[in-house]
Amino acid sequence: MHNVAITGTGVFTPSEVITNDELVEAFNAYADLFNAEHADAIAAGKVTALEHSSSEFIFKASGIEQRYVLDKEGVLDPTRMFPRFRQRSDDEPGIMTEIALEACKTALAQAGRSAEEVDLVICAASNMERAYPAVAIEIQNALGAGGFAFDMNVACSSATFGIQAAADMIRSGSVRCAIVVNPEITSGHLEWRDRDCHFIFGDVATATVLEREEDAKGAHFIVHSTRCATQFSNNIRNNNGFLRRNRPDGMVDRRDMQFMQNGRKVFKEVVPMVSAHILSHLADAEVEPTSLRRLWLHQANKSMNDFVGRKVLGREPEPGEQPNILQDYANTSSAGSIIAFSKYSDDMQPGDKGVICSFGAGYSVGSVLVERR
Ligand code: CO8
């Protein structure tokens with residue numbers, strides 16, 4: 001059995017930013033257009049008028065101030081309200097591969113590894129741009145990596161579940177060096193026309209290099225242990241899928257073909273689940289929660305993270321113990337905790353321990369207990 005180390009991480013951040021004010025202005029213009037177009041049906045009580053969104057609500061309810069996206073113009077066009085991506089031919093790299101490569105290159109450079117040394121690529125994300133061939137195999141090919149590659153989707157928990165899968169294979173010896181990459185183009189499956197959720201998500205790609213500890217070339221984190229758990233819930237759901245055309249309304253632009261959630265219920269049900277999950281993981285690893293130097297939590301909601309941090313540490317987290325990036329990136333699904341880990345781990349000293357934890361649709365929770373070496 002081999003010790004497993006995280007030796008590099010990378011974050012690709014799109015160049016385009018949408019502030020809350022810009023987002024709300026576009027949404028409100030869309031709502032006005034919708035209400036004017038459906039004025040008679042609204043007056044007859046057959047259609048519900050859309051209410052305006054507000055920047056104050058968004059910041060207060062979530063802590064989000066802005067989000068990065070791959071295409072700002074399409075999202076903010078009130079007659080469109082979703083990104084405009086150039087149609088690519090099958091001979092060109094897909095858009096997920098393109099952003100994944102950027103994150104992979106940074107992570108590999110940090111690890112001091114060349115792509116040929118990688119023998120496992122896992123593309124772990126909350127949606128894939130096609131069914132097959134696997135996006136991971138396209139990334140493997142574009143990188144020039146060896147071995148094998150596969151896609152996995154556990155929504156917001158994809159990165160930690162991918163890390164567990166890679167770590168287990170490295171530990172057992174079937175893989176020597178793995179890269180888990182999370183290209184999250186959430187702007188493609190968010191419903192920007194729904195006031196309840198239009199502010200939640202942003203685009204990004206993250207990557208994590210894992211290898212045998214004995215191969216690590218510099219400072220690294222060992223993966224002490226990982227833990228994944230799932231519990232079925234319909235409270236976060238997207239009904240788009242390959243059986244879509246079998247439905248009588250299969251070709252209609254239905255609301256349930258994009259992200260849907262009951263946010264209040266998710267908040268109430270997931271917070272205790274996550275706190276209990278982390279505490280039982282730490283208890284089994286015989287690590288005192290109070291000895292943790294850092295929690296790199298999933299980045300969905302600031303209050304959610306405050307609750308989890310307080311429950312796990314048993315006190316108010318000190319500034320820096322539980323870094324948030326959601327104010328800048330919004331919720332980037334599986335990538336959120338990895339962005340936090342990548343940006344806020346350089347100052348950790350040998351022996352310092354921390355937990356990377358993601359949670360979301362499924363429900364799903366994944367935790368990775370790491371120690372600086
Ligand atoms: N502007 C103004 N008012 C608003 C707005 C708005 N934009 N939106 C809602 N309101 C109103 C509501 O209508 C409601 O009014 P009333 O009280 O009159 O009914 C009031 O504000 C309060 O609404 P909520 O109860 O919905 O507000 P909350 O305080 O619950 O906040 C949140 C909403 C921020 C969504 C919060 O519930 C939350 O963060 N919940 C947890 C969400 C979460 O963590 N989800 C995980 C999803 S991520 C995941 O699993 C990955 C999925 C795959 C990725 C998908 C990519 C697209």
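Reader: What counts as a polar contact?

Author: A polar contact is a pair of N or O atoms within 3.5 Å; within protein, one must be able to donate a hydrogen and the other to accept it, and residues adjacent in sequence count only if both atoms are side-chain atoms. This is a predicted model, in which local features need pLDDT of at least 70 and side-chain atom pairs count only at pLDDT 80 or more, while totals for chains, interfaces and linings use all residues. Residues are numbered from 1 along each chain as its sequence is written, and side-chain values use heavy atoms, with hydrogens and water left out.

Reader: Which atom of the ligand lies 2.8 Å from a polar side-chain atom of R195?

Author: For R195 the partner is an oxygen atom of the ligand, and a polar side-chain atom of R264 also lies 2.8 Å from a ligand oxygen atom. In the side chain of Q261, an N or O atom is 2.8 Å from a nitrogen atom of the ligand.

Reader: How many residues are around the ligand, and which come nearest?

Author: A residue is near a molecule if one of its heavy atoms lies within 4 Å of it. There are 28 residues around the ligand, of which C156, R195, Q261, N301 and A361 come nearest.

Reader: Which helix gives the most to the shell around the ligand?

Author: Helices are DSSP runs (H or I, at least four residues), numbered from the N terminus. With four residues, α8 gives the most to this shell; α3 (55–62) and α8 (263–284) each supply at least two of its residues.
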